[in-house]
Structure formats: C-alpha cells, structure tokens
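Hi there,

Here is the structure I promised to pass along. Please have a look, and then read on for my notes on it.

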Amino acid sequence: MANIIHFNNKRQYSRDKKAALNRKRKLLAVQKAFQCAHCAFKCEKCGTQINPDERDNMSERDKIRVPYRFCEGCSEEYIDYIERLHGRGDPSCYWHNEVWLEAWRRWIDYQGIIDRYLKSKEFVQLLQELKETRSD
C-alpha cells in the first residue's frame, strides 16, 4: 500500500514529460535552422571550413558581388555564375554548362526559401515561445 501513485501526480508527471519532449523538439528545430544554415566557419555552398581571414582578404569588389559566405573556390564559381547570367563568364570553364547554371540557380532558390522560413510568423512564434520558456 505504500507504493500507491496518486492519479493527479501521475497526470502531472505525464504532462511535464510531454512538455519537456515538445520543448526538446522545438530546440532541435531552431538549432538545425541556425546551426546548419548560418555557421560562420564554413562555406555556405560546399561546407568546407573557411579561414576567418579568408573573407577579409577578398577584394572589396568581390565582397559586394558575393552575398554569401563562400570559400574561395565557391566564391569564384558564384562570380562566374553571375557573369554567365549577363552573357559573359570564363569560356575556358567549359564545364560551367546549362546543368551547372541550373544547380546554382536552384541552390540560390533554396537559400531564399530558407530565409523566408526563418522569417515566417510560425518560426518567429517558435523563437518567441522558446525565449519565454527560457526566462521562466
């Protein structure tokens, strides 16, 4: 008889457990969104490590033209992609063909969709909920 579990305690424990699981899922969603999409130390396109000084060493002209955090190779490819959209580009890079252009176009579209998701009212609500529960 000493091991009797009160229904209210069991119900509260169950609620607390569900709330903790829900909070963990929310934190993972936010962590994935920011950790995967906005790491300051890796190239946004290929994922290779970027030397923090590498971005600073880019010319001012390239900084203006490259709105993403790229390694040197991806930065050069992006500039060639933009040049090809304007009918120019490096003709010696014959492998920068229509399929290559499509890959870049889709990657840029994907970046825009991720940006829209991070600014969506639901994601902003999620951040607000996490902020409020953190301050409790």
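Helices here are DSSP runs of H or I with at least four residues, just as strands are runs of E with at least two, and both are numbered from the N terminus. The model is predicted, so local features need pLDDT of at least 70 and side-chain atom pairs count only at pLDDT 80 or more, while totals for chains, interfaces and linings use all residues. Residues are numbered from 1 along each chain as its sequence is written, and side-chain values use heavy atoms, with hydrogens and water left out.

Let me start with the salt bridges. By that I mean a side-chain nitrogen of Lys or Arg within 4 Å of a carboxyl oxygen of Asp or Glu. Searching the whole structure turns up six of them.

In helix α5, E102 and R106 are joined by a salt bridge, 2.6 Å from N to O. They sit four residues apart, about one turn of that helix. R105 belongs to the picture too: E102, R105 and R106 are linked in a network of salt bridges. For accessibility, buried means under 20% relative accessible area, exposed over 50%, and partly exposed in between (1.4 Å probe, protein chains only). E102 is partly exposed at 29%, and R106 is exposed at 56%.

Helix α4 has a pair of this kind as well: R84 and D80 form a salt bridge with their closest N and O atoms 2.7 Å apart. These two are four residues apart in α4, so about one helical turn separates them. R84 is partly exposed at 22%, whereas D80 is buried at 8%.

And which helices does the K26–E129 pair tie together? K26 lies in α1 (residues 7-37) and E129 in α6 (residues 121-135), so this salt bridge connects parts 103 residues apart in sequence. The closest N and O atoms are 2.4 Å apart. Both partners are partly exposed, K26 at 22% and E129 at 25%.

Now for the helix packing. Helices α4 (residues 72-85) and α5 (residues 98-119) pack at about 105 degrees, with axes 11 Å apart. Axes are lines fitted to C-alpha atoms, for helices over the stretch in contact, and angles run from 0 to 180 degrees between N-to-C directions. The two helices are therefore roughly perpendicular (65 to 115 degrees). Among the residues in contact (heavy atoms within 4.5 Å) are D80 and R84 of α4 and W104 and R105 of α5.

Best wishes

Notes. Parallel < 35°, antiparallel > 145°, perpendicular 65-115°, else oblique.
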